[in-house]
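Here are my notes after a pass through the model. I've kept to one interface and the core.

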Amino acid sequence: MIQGRVIGKIWSSRRVASLPPGALLEVETDGGGRLIAFDPLGCNTGEAVLITQGSVAAGYFTGRTAPVDALIIGSIDETNEVNS
Amino acid sequence: MIQGRVIGKIWSSRRVASLPPGALLEVETDGGGRLIAFDPLGCNTGEAVLITQGSVAAGYFTGRTAPVDALIIGSIDETNEVNS
Amino acid sequence: MIQGRVIGKIWSSRRVASLPPGALLEVETDGGGRLIAFDPLGCNTGEAVLITQGSVAAGYFTGRTAPVDALIIGSIDETNEVNS
Amino acid sequence: MIQGRVIGKIWSSRRVASLPPGALLEVETDGGGRLIAFDPLGCNTGEAVLITQGSVAAGYFTGRTAPVDALIIGSIDETNEVNS
Amino acid sequence: MIQGRVIGKIWSSRRVASLPPGALLEVETDGGGRLIAFDPLGCNTGEAVLITQGSVAAGYFTGRTAPVDALIIGSIDETNEVNS
């Protein structure tokens with residue numbers, strides 16, 4: 001997985017029907033790259049998140065074949081990171 | 001997923017039979033790279049698009065095993081991005 | 001697979017339900033990048049580890065569809081490396 | 001998919017039995033990298049080709065599990081590119 | 001696939017049970033990166049090899065779910081390369 005920080009949101013009105021409804025967040029990754037991840041958790045701009053990529057991201061959507069290759073799977077606890 | 005902008009189209013007359021008919025667009029990605037994505041939406045040159053990659057791209061084609069590893073899954077609403 | 005060295009641990013309290021319980025370690029890879037890998041072996045900070053990525057990492061979790069794309073599959077024997 | 005240009009051919013006499021017989025071409029990709037792709041089309045050195053990668057490349061081989069992660073799926077029409 | 005050259009071997013005594021027994025070779029790839037690949041062919045240090053990556057590497061192991069994402073599928077004939 002990779003760590004990243006939410007920097008925005010994109011909208012796509014014209015889209016393939018199989019793309020599930022839900023937020024598409026723009027994330028700046030640990031290494032400085034950018035990607036768009038599906039967000040099932042309701043994350044906010046500035047939040048540190050954990051992202052999984054590839055076919056395992058699509059596997060999150062049960063009962064449908066979703067064309068999603070990046071998924072936010074957790075919000076990273078920032079307080080713990082400071083205390084550790 | 002990654003964001004990109006359509007910069008052209010390629011044609012391939014001599015191709016494997018399992019490649020589905022449809023537009024193959026050249027896209028410049030957010031990070032400056034280039035890839036060729038299958039376009040089921042009829043996007044135009046200059047349009048901002050959302051691309052999914054890997055086996056989930058092939059999963060879009062039901063009832064066939066398509067050798068497609070990059071698929072345009074949405075056109076990005078550019079007006080919203082300005083208003084947000 | 002890639003080699004890496006454990007440099008920390010992250011916590012994520014707000015997470016998708018399908019993420020299995022277990023340690024999520026931050027690893028610096030051989031090439032200088034960073035990733036977060038699921039650790040089934042109980043590795044420590046500073047330990048050299050072997051990591052597998054992609055859908056084969058998720059395949060480790062039997063009987064469930066885990067959104068895990070990076071897995072520590074071994075601790076690298078450092079003494080042997082010196083002796084070889 | 002990515003675009004590339006055929007720059008050579010490799011031979012491998014000692015190989016795993018599941019690797020299908022056929023040409024293994026060395027390709028320089030659009031971004032300057034190099035990879036080896038299985039070629040079912042009989043491409044020549046200097047030819048511009050379209051390459052698919054990952055498990056969808058292996059999916060091209062029906063009835064067998066081929067350890068192939070890069071496949072030439074088309075020859076790119078260079079004349080059209082000039083006329084467009 | 002990618003080309004590489006074997007530069008060493010790693011040992012991992014503490015490992016997940018699903019990792020098949022066999023050599024884990026360190027390979028320097030054509031592009032200068034390094035990875036660890038499972039070697040079913042008995043390659044030596046200095047040998048030029050062909051590597052497949054991702055889930056197709058795991059597909060080599062029949063009847064088991066192996067957490068292997070890089071596999072040596074051939075030794076590259078170096079004499080031929082010079083003669084071609």
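1. Polar pairs first, and keep in mind that this is a predicted model. Between chain E and chain C there are 12 residue pairs in polar contact, counting pairs with both residues at pLDDT 80 or more. On the chain E side, β2 (23-29), β3 (34-39) and α1 (55-58) each bring at least two residues to the face that touches chain C. β3(E) gives the most, with 5 residues.

2. As for the make-up of that face, the residues of chain E that touch chain C split into 14 nonpolar, 6 polar and 5 charged.

3. How many salt bridges does the rule find across the interface of chain E and chain C? Just 1. The side chains of C:E47 and E:R14 form a salt bridge, at 2.3 Å from N to O.

4. Now the overall extent. The contact involves 25 residues of chain E and 25 residues of chain C, and the area buried between the two chains is about 1,900 Å², with carbon and sulfur atoms giving 58% of that. E:W11, E:R14 and E:D69 together account for 34% of what chain E buries against chain C, more than any other three residues. So E:R14 turns up twice here: in that trio and in the salt bridge with C:E47.

5. Last, the core. The largest nonpolar core holds 144 residues, and A:I51, B:I51 and C:I51 have the most contacts inside it. Setting aside neighbours within four places in sequence, B:I51 touches A:D69 as well as residues of chain B, including B:M1, B:V27, B:L35 and B:I72.

Conventions: Residues numbered from 1 in each chain as written. Chains lettered and ligands numbered in written order. Predicted model: local features only at pLDDT ≥ 70, side-chain atom pairs only at ≥ 80, totals over all residues. Heavy atoms only, no water. Contact = heavy atoms within 4.5 Å. Buried area = accessible area lost by both parts, 1.4 Å probe. Salt bridge = Lys/Arg side-chain N within 4 Å of Asp/Glu carboxyl O. Polar contact = N/O pair within 3.5 Å; in protein donor to acceptor, adjacent residues only side chain to side chain. Helix = DSSP H or I, 4+ residues; strand = E, 2+ residues; numbered from the N terminus. Nonpolar A, V, L, I, M, F, W, Y, C, P; charged D, E, K, R; others polar. Core = buried A, V, L, I, M, F, W, Y, C linked by side-chain atoms within 4.5 Å. Buried < 20%, exposed > 50% of the residue type's maximum accessible area, 1.4 Å probe, protein only.
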